Amino acid sequence: ISTDGDMQVIIFVRGIVEQYKDLRASILGKLLNSLDEVNTNQVMCACLWILGEYCEDADTLTEAFETITKQLGPPPYIIQSDEKEAQDKLTAAAAEAPKMVTKNVVLADGTYATQTVYSESKIPELDNTPKLRKMIINGDIFLGSLIGSCLTKLCLRAEGVVDGLKLKKMTVDSMLIMCAIVKMAEVTVSAQRSSLADCQERITMCCRVLLDPKAKEILKKTILTEGKATFASFLKNIKDKEAKETKKDDEEVPTTQADDLIHFRQLRSLAVQGGDVDLDDGGDLARATGYTDSGSLLTTELSHVYQLSGFADPVYAEAFVTVHDYDIVLEILVINRTPDTLANLTVELSIMGDMKIVERPQAQTIGPLDQATLRASIKVSSTETGHIFGTIVYENASTGERGYINLNDIHMDIMDYIRPATCSDEAFRSMWAEFEWENKVAISTSISNLLEFLNHIVTSTN
């Protein structure tokens with residue numbers, strides 16, 4: 001669990017420990033022996049959760065507690081000034097490159113030669129600080145709260161299994177470690193600074209469980225059983241889902257039966273092709289164009305047709321709107337409902353919102369009871385709602401009168417830019433993390449406690 005695929009390995013180990021009880025003792029022993037080799041904070045969190053949930057007998061409980069406390073080391077978990085200076089010296093010594101000195105020397109036979117000397121810096125002493133202690137000192141507040149939860153579970157499980165003196169020592173050591181973790185969280189400035197209130201609340205609850213008999217009576221069952229039961233339910237749901245998918249794959253009916261005829265169009269004679277209907281033409285055309293569901297496609301097209309003028313107007317107009325990412329194309333159908341020729345008919349468009357008209361409709365001359373199709377292109381700068389409205393201006397060729405028709409507006413909704421798609425949970429989390437800047441809102445408040453502020457939001461919104 002110290003390689004690149006360490007997270008996948010520990011997730012697999014967690015599932016094996018839950019599903020195969022006979023292998024728990026050996027797996028937990030190997031996990032304790034490998035705890036000092038874990039380099040990743042997330043993997044360390046998973047290891048501590050496994051140890052807190054599945055260590056049950058006296059020997060395993062004692063070994064797990066001693067291993068964790070040994071890896072943590074004695075409190076405090078704040079970098080002291082002398083430790084920081086020593087760490088800086090080690091870093092500086094490791095960064096120094098070897099120096100090269102060149103000088104001229106006289107050999108025994110009286111000739112001159114050039115001598116080059118390399119002077120290397122002293123090899124810095126290896127830092128023997130355990131990896132778990134490094135993670136805590138570097139300010140991993142979430143890992144610190146998980147350590148407090150793990151030690152609390154080990155102490156609760158040790159009741160009635162370990163002798164009283166050893167249990168009391170375990171409880172005192174756990175309390176000291178948890179207090180030091182809270183102190184580290186208060187002093188350290190790290191990216192997890194926002195988790196300080198949650199860490200304080202959780203460790204306070206763990207301390208109350210270890211010290212207050214009433215709190216222990218109320219919360220002991222929840223702390224020791226709920227986590228394991230929830231994980232078992234999660235694994236059961238995954239198994240059921242896989243079983244349903246496997247059953248669905250087995251029950252799939254083949255689209256083509258084994259005894260169906262295969263039509264080769266190239267092998268058929270011209271006489272047969274001219275007289276008979278090829279049964280595969282419809283299917284080939286559908287597969288080539290992707291037009292598999294005529295009803296739903298037609299409904300989708302009709303939903304983007306907007307009536308711009310009324311049936312009683314001299315000119316009837318409707319627009320078919322096509323949205324291509326950040327481009328909107330309007331195909332405006334204009335029908336002359338009068339017995340006269342309309343000259344210089346123009347559709348003048350205006351927009352409201354973050355949009356820009358790139359191509360305006362050209363002027364047309366339409367004969368009596370004739371029709372024409374005009375095109376307009378609109379560039380969208382941002383995916384927000386907008387309105388497109390306009391007026392039809394025309395001139396009657398026989399009378400010379402000008403006419404104006406105000407058109408109904410077209411409302412562009414943000415849903416027109418959204419296309420349904422699917423992605424895995426890992427890809428969604430990755431994309432969400434990339435666009436995290438869109439989710440940050442600056443808030444000015446006098447409330448300093450995170451939980452109090454969250455309760456205030458819940459009370460105000462519900």
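Let's start with how far to trust this predicted model: the protein has a mean pLDDT of 81, and 79% of its residues reach 70 or more. One stretch to treat with care is residues 272-279, where the pLDDT is below 50. Beyond near neighbours in sequence, that stretch has 6 contacts in the model.

**The overall picture**

What does the fold consist of? Scroll along the chain and you'll pass 15 helices and 12 strands. The protein has 462 residues, and 30% of them are buried. On the outside, about 30,700 Å² is exposed, with carbon and sulfur atoms supplying 55% of that area.

Now think about which parts of the chain meet. Take the contacts with a separation of 6 or more: 62% of them join residues 24 or more positions apart.

**Two cavities**

Rolling a probe the size of a water molecule over the atoms shows where empty space is left. How many cavities of 30 Å³ or more turn up here? The count comes to 2. Here they are, side by side.

| Cavity | Space | Lining by class | Element giving the most |
|---|---|---|---|
| Largest | about 40 Å³ | 7 nonpolar, 2 polar, no charged residues | strand E10, 3 residues |
| Second largest | about 30 Å³ | 4 nonpolar, 2 polar, 1 charged residues | helix H7, 4 residues |

If you want to find the largest cavity in the viewer, pick out Leu 308, Leu 330, Leu 349, Ile 388, Phe 389, Gly 390, Leu 407, Asn 408 and Ile 410, which line it. Strand E10, the element with the largest share of that lining, covers residues 386-396.

For the second largest cavity, look for Leu 48, Trp 49, Gly 52, Leu 146, Ser 149, Cys 150 and Lys 153. Two helices each supply at least two residues of this lining: H3, at 41-54, and H7, at 141-158.

**Following single residues**

Ser 149 is one of the residues lining the second largest cavity, and helix H7 is where it lies. Is Ser 149 buried or exposed? Its relative accessibility is 8%, so Ser 149 counts as buried. Leaving aside neighbours within four places in sequence, Ser 149 is in contact with Arg 202 and Cys 206.

Another residue to click on is Ala 215, in helix H10, which runs over residues 213-251. Ala 215 counts as buried because its relative accessibility is 9%, and the cut-off is under 20%. Setting aside neighbours within four places, Ala 215 is in contact with Arg 208, Val 209 and Lys 220. You can also compare Ala 215 with Met 205: they sit 10 residues apart in sequence, and their C-alpha atoms are 8.7 Å apart in space.

Then hop over to Ile 357 in strand E7, residues 355-359. With 14% relative accessibility, Ile 357 is buried too. Which residues does Ile 357 contact, leaving aside its neighbours within four places in sequence? They are Leu 349, Ser 350, Ile 351, Ser 377 and Ile 378. Leu 349 might ring a bell, since Leu 349 is also among the residues lining the largest cavity. Ile 357 and Ile 328 are 29 residues apart in sequence, while the distance from C-alpha to C-alpha is 9.3 Å.

**Some backbone oddities**

Most residues other than glycine have a negative phi, and most peptide bonds are trans. With that in mind, here are a few places to zoom in on.

Where is there a cis peptide bond? Go to the bond from Pro 75 to Pro 76, which has omega near 0°. Pro 76 is found in the loop between helix H4 (58-72) and helix H5 (81-95).

Next come two residues with positive phi. Asn 344 is not a glycine, yet its phi is near 50°. Asn 344 is part of strand E6, residues 342-352, and its 48% relative accessibility makes Asn 344 partly exposed.

Leu 369 has a phi near 55°, again a positive value in a residue other than glycine. You'll find Leu 369 in the loop between strand E8 (364-366) and strand E9 (371-380). Is Leu 369 buried or exposed? The relative accessible area is 65%, and the cut-off for exposed is over 50%, so Leu 369 is exposed.

Key. Residues are numbered from 1 along each chain as its sequence is written. This is a predicted model: local features need pLDDT of at least 70, side-chain atom pairs count only at pLDDT 80 or more; totals for chains, interfaces and linings use all residues. Side-chain values use heavy atoms; hydrogens and water are left out. pLDDT is the predictor's confidence in each residue, from 0 to 100. Contact means heavy atoms within 4.5 Å. On a 1 Å grid over the protein atoms alone, a cavity is a set of points where a 1.4 Å probe fits but cannot get out, and a pocket is an open set with protein on both sides within 12 Å along at least five of seven lines; lining residues have an atom within 4 Å of a point. Grid points are joined across faces, edges and corners, and a volume is the space filled by probe spheres set on the points. Ala, Val, Leu, Ile, Met, Phe, Trp, Tyr, Cys and Pro count as nonpolar, Asp, Glu, Lys and Arg as charged, and the others, Gly among them, as polar. Buried means under 20% relative accessible area, exposed over 50%, partly exposed in between (1.4 Å probe, protein chains only). Accessible areas come from the Shrake-Rupley method with a 1.4 Å probe; for residues, only the protein chains shown count as cover.
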